[in-house]
Amino acid sequence: MKKVRILVVADDITGAAEVAGVAHEAGCRVRFTTSWEGLTEGEESEVTVLATDTRSMPQSEARQCAQAVVDALRQGENPYTHLFKKTDSVLRGWVADELAPFAELGYDKVLLMPANPSKGRTIERGEYRINGTPLHETVFRTDPEFPARTSSVEALVGAESRCVTPQTTTLERGISIGEAATTADYARYMAHFGDGKTLLAGAADHFQALLNHLGFEGRPTERFAGYGNRRTLIVLGSTVRHNLIEEPFFTRNRVAISLMPDAVFAGGEAEEWISNCLAAAREGDSLLLRIPQAVAVDGNRARHLRRVMAETVEALIHTLQPQEVVIEGGATAFALIERLGWRELEVSNQIAPGVVRLHYPPKGIYLTFKPGSYPWGDCFR
């Protein structure tokens with residue numbers, strides 16, 4: 001019997017970290033990479049997670065990137081028994097365009113399940129709701145790059161997609177969007193579509209259901225003990241606001257706070273801000289960076305912000321040499337990793353659902369990634 005091996009292709013790095021954390025907690029040997037080179041080579045990992053940044057790319061580039069992954073898999077003997085395409089749970093990005101190239105690998109049927117019932121994100125009767133509120137009435141209506149204009153999942157996905165229910169036992173060609181109101185609904189889908197013959201796509205609850213179906217039982221993992229008094233660089237690259245100052249980590253340690261200047265926000269370069277950050281950090285053990293300005297729906301502005309934030313954080317890492325780097329926002333995190341050239345990371349801790357701490361051994365630095373809309377959990381206890 002062929003050994004179970006799963007390839008996860010994620011459209012942003014925080015989503016990749018989220019499923020890597022799920023696999024780690026399930027007892028899997030996990031490889032976390034940002035390079036599709038060598039995907040078909042011999043590996044001991046049971047789950048390989050490939051983090052891309054296609055959600056932040058123009059539409060045509062996102063599809064080309066997905067095609068490049070498919071081409072890499074076709075170059076050698078494909079060792080994977082299951083393929084999972086991690087998408088944004090609220091369907092931001094180029095979901096249908098990225099799924100299309102995988103039909104070349106024999107996946108002419110796709111089961112896309114973006115709902116995350118464990119986090120209050122459900123799909124019923126074709127409508128996406130978060131804790132009962134229609135998607136287009138939530139904070140996602142002001143997303144700077146993919147604002148939610150509707151709660152209809154078929155309209156959000158397009159590409160002649162159609163909704164199916166947990167009672168479905170066969171799928172048509174193309175994209176079927178699985179409705180789910182509870183996590184129990186996922187087991188019903190897996191009973192019919194978890195054999196590796198269907199391309200599975202969607203959010204973390206869907207991936208967890210696949211691992212459960214394949215018999216990964218989980219293992220005791222070391223509880224995260226907090227950052228203590230370790231020098232920590234905290235980067236809030238998301239537009240979602242959280243009040244962190246009253247968290248135990250901030251009250252226990254000296255944490256300097258540096259806000260992005262208006263001139264940098266408006267399109268300027270970051271040299272002076274970097275100098276000010278370094279000066280501020282010398283007065284404390286840790287440093288928090290934040291964008292205080294309101295970010296409107298503007299793709300160009302979003303791209304500028306993640307570029308300049310990544311440039312700033314790279315300079316601070318090289319100079320301050322923090323032991324911990326905490327980044328909120330997937331696009332910012334990926335831009336930083338690309339600048340640093342750090343291709344392979346090790347999973348260390350799942351701090352909270354979606355909040356995952358990874359390790360880059362060559363530098364001895366730990367990186368915690370968190371999606372903007374998820375709670376911090378015990379990250380700063």
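Which residue takes a positive phi in the hairpin of S7 and S8? The tour that follows, through a predicted model, begins around that hairpin.

**First stop: the hairpins of S6, S7 and S8**

Select strand S6 (residues 121-124) and strand S7 (residues 127-130), which pair in the antiparallel sense over four bridges. Three pairs of residues may be picked out along them. Arg121 stands opposite Ile130 in S7, Thr122 has Arg129 of S7 as its bridge partner, and Glu124 is matched by Glu127 in S7. Two residues separate S6 from S7 in their hairpin, and in this turn Arg125 has a positive phi of about 50 degrees.

Next, extend the selection to strand S8 (133-134). S7 and S8 run antiparallel and are joined by two bridges; in S8, Pro134 is the bridge partner of Arg129. The residue asked about at the outset is Asn131: its phi is positive, near 50 degrees, and the hairpin of S7 and S8 has two residues between the strands.

Show the three strands together. They make an open sheet in the order S6-S7-S8, with antiparallel pairing. S6 and S8 stand at the edges with a single partner strand each, so one side of each is left without a neighbour in the sheet.

Now display the side chains of S7. In a regular strand the side chains alternate between the two faces of the sheet. Along S7, Tyr128 and Ile130 point to one face and are buried, whereas Glu127 and Arg129 point to the other face and are not buried.

**Second stop: Ser151**

Proceed to Ser151, in the loop between S8 and helix H4 (153-157). Is Ser151 buried or exposed? Ser151 counts as buried because its relative accessibility is 4%, under the 20% cut-off. Leaving aside residues up to four places away in sequence, Ser151 touches Gly126, Glu127, Tyr128, Pro134, Leu135 and His136. Two of these contacts, Glu127 and Tyr128, belong to S7, residues 127-130.

**Third stop: the loop between H4 and S9**

Continue to the loop between H4 and strand S9 (162-164), where Ala159 is found. Glu160 lies in this loop between H4 and S9 as well. Most residues other than glycine have a negative phi. Ala159, however, has a positive phi of about 55 degrees although it is not a glycine, and the phi of Glu160 is also positive, near 55 degrees. Ala159 counts as exposed at 52% relative accessibility, and Glu160 counts as exposed at 73%.

**Fourth stop: the second largest pocket**

Keep Ala159 selected and add Ala96, Leu99, Ala100, Ala103, Tyr107, Asp108, Val110, Arg173, Gly174 and Ile175; with Ala159, these residues line the second largest pocket. Helix H3 (95-99) and strand S10 (174-178) are the elements that give two or more residues to this lining. The volume of the second largest pocket is about 160 Å³. Colouring the lining by class shows eight nonpolar, one polar and two charged residues.

**Fifth stop: helices H6 and H11**

Select helix H6 (residues 204-214), in which Ala204, Asp205, His206, Phe207, Ala209, Leu210 and Leu211 are buried. Gly215 follows H6 and has a positive phi near 90 degrees.

Then move to helix H11 (residues 330-340). Why is H11 described as largely enclosed by the rest of the structure? Eight of its 11 residues are buried, so the description applies. The buried residues of H11 are Gly330, Thr332, Ala333, Phe334, Ala335, Leu336, Ile337 and Leu340. To view what covers them, add elements including helix H1 (13-25), strand S3 (47-51), strand S12 (232-236), helix H10 (299-320), strand S15 (324-328) and strand S18 (365-370). Just after H11, Gly341 takes a positive phi of about 75 degrees.

**Last stop: the cysteines**

Finally, select the cysteines. How many disulfides are there? The count comes to zero. Cys277 is in no disulfide, and the nearest cysteine sulfur, that of Cys379, is 20 Å away, whereas a disulfide requires sulfur atoms within 2.5 Å. Cys277 is buried, with a relative accessible area of 0%. Cys65 also counts as buried, at 8% relative accessibility.

Key:
Residues are numbered from 1 along each chain as its sequence is written. This is a predicted model: local features need pLDDT of at least 70, side-chain atom pairs count only at pLDDT 80 or more; totals for chains, interfaces and linings use all residues. Side-chain values use heavy atoms; hydrogens and water are left out. Buried means under 20% relative accessible area, exposed over 50%, partly exposed in between (1.4 Å probe, protein chains only). On a 1 Å grid over the protein atoms alone, a cavity is a set of points where a 1.4 Å probe fits but cannot get out, and a pocket is an open set with protein on both sides within 12 Å along at least five of seven lines; lining residues have an atom within 4 Å of a point. Grid points are joined across faces, edges and corners, and a volume is the space filled by probe spheres set on the points. Ala, Val, Leu, Ile, Met, Phe, Trp, Tyr, Cys and Pro count as nonpolar, Asp, Glu, Lys and Arg as charged, and the others, Gly among them, as polar. Two strands pair if DSSP finds at least two bridges between them. Contact means heavy atoms within 4.5 Å.
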